[in-house]
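Student: I would like a close look at a single part of this molecule, with its surroundings described carefully and in a connected way.

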Amino acid sequence: MVYPPKTLMVGRCSRCGKRIYAFDDRYICKKWGYVFCDVCARKLQYKCPDGYTPLELV
């Protein structure tokens, strides 16, 4: 099994601070500009912290 190299860091999760790499799933709130990792997005039930705006998978 081949894994892509995780050398390109795109940013950090706005909630937990985990590093987000280019090939990881990340979710963005278009209204506020928050970026979340897949674990935090699941904990937030795929909604922005404002409670109304859905998160978009990038």
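Student: Does Lys 31 count as buried, partly exposed or exposed, and at what relative accessibility? Please start from there and work through the salt bridge and the strands around it.

Tutor: The model is a predicted one, and in it Lys 31 counts as exposed, because its relative accessibility is 56%. The partner of Lys 31 is Asp 50, with which it forms a salt bridge whose closest N and O atoms are 3.8 Å apart; the structure holds one such bridge. Since Lys 31 sits in the loop between strand 3 and strand 4, whereas Asp 50 sits in the loop between helix 1 and strand 5, the pair ties together parts that are 19 residues apart in sequence. Asp 50 itself counts as partly exposed, because its relative accessibility is 25%.

The strands on either side of these loops belong to an open sheet of three strands, arranged in the order 4-3-5 with antiparallel pairing. Its edge strands are strand 4 (35-37) and strand 5 (56-57), each of which pairs on one side only. Between strand 3, which covers residues 26-28, and strand 4 there are three bridges in the antiparallel sense, and within that pairing Arg 26 stands opposite Cys 37 of strand 4.

Arg 26, found in strand 3, offers a contrast to the charged pair described above: Arg 26 is buried yet has no salt bridge, and the nearest side chain of opposite charge, that of Asp 24, is 7.6 Å away. When neighbours within four places in sequence are left aside, the contacts of Arg 26 are Val 10, Ile 20, Tyr 21, Val 35, Phe 36, Glu 56, Leu 57 and Val 58.

Cys 37, the residue opposite Arg 26, is also part of the largest nonpolar core, a set of 10 residues that includes Ile 20, Tyr 27, Phe 36, Ala 41 and Leu 55. Strand 4 and helix 1 (38-43) each supply at least two residues of this core. Tyr 27, one of the core residues, has contacts beyond four places in sequence that include Tyr 34, Val 35, Phe 36, Cys 37, Ala 41, Tyr 46 and Leu 55, and Asp 38 is also among them.

Asp 38 has its place in helix 1 and counts as partly exposed, because its relative accessibility is 32%. Not counting residues up to four places away in sequence, Asp 38 touches Lys 18, Asp 25 and Tyr 27. The C-alpha atoms of Asp 38 and Asp 25 are separated by 6.0 Å, although the two residues are 13 residues apart along the chain.

Lys 18, touched by Asp 38, leads to another pair of strands, for Lys 18 is also in contact with Gly 11, as are Arg 19 and Ile 20. Gly 11 lies in strand 1, residues 9-12, and counts as partly exposed, because its relative accessibility is 22%. Strand 1 runs antiparallel to strand 2 (residues 19-21), joined to it by three bridges, and one of the facing pairs consists of Met 9 and its bridge partner Tyr 21 in strand 2. The two strands form a hairpin with six residues between them, and in the turn Gly 17 has a positive phi of about 85°.

Technical notes:
Residues are numbered from 1 along each chain as its sequence is written. This is a predicted model: local features need pLDDT of at least 70, side-chain atom pairs count only at pLDDT 80 or more; totals for chains, interfaces and linings use all residues. Side-chain values use heavy atoms; hydrogens and water are left out. Helices (H or I, at least four residues) and strands (E, at least two) are DSSP runs, numbered from the N terminus. Buried means under 20% relative accessible area, exposed over 50%, partly exposed in between (1.4 Å probe, protein chains only). Contact means heavy atoms within 4.5 Å. Two strands pair if DSSP finds at least two bridges between them. A nonpolar core is a set of buried Ala, Val, Leu, Ile, Met, Phe, Trp, Tyr and Cys residues joined through side-chain atoms within 4.5 Å. A salt bridge is a side-chain nitrogen of Lys or Arg within 4 Å of a carboxyl oxygen of Asp or Glu. Lys and Arg count as positive and Asp and Glu as negative; His and the chain ends are not counted.
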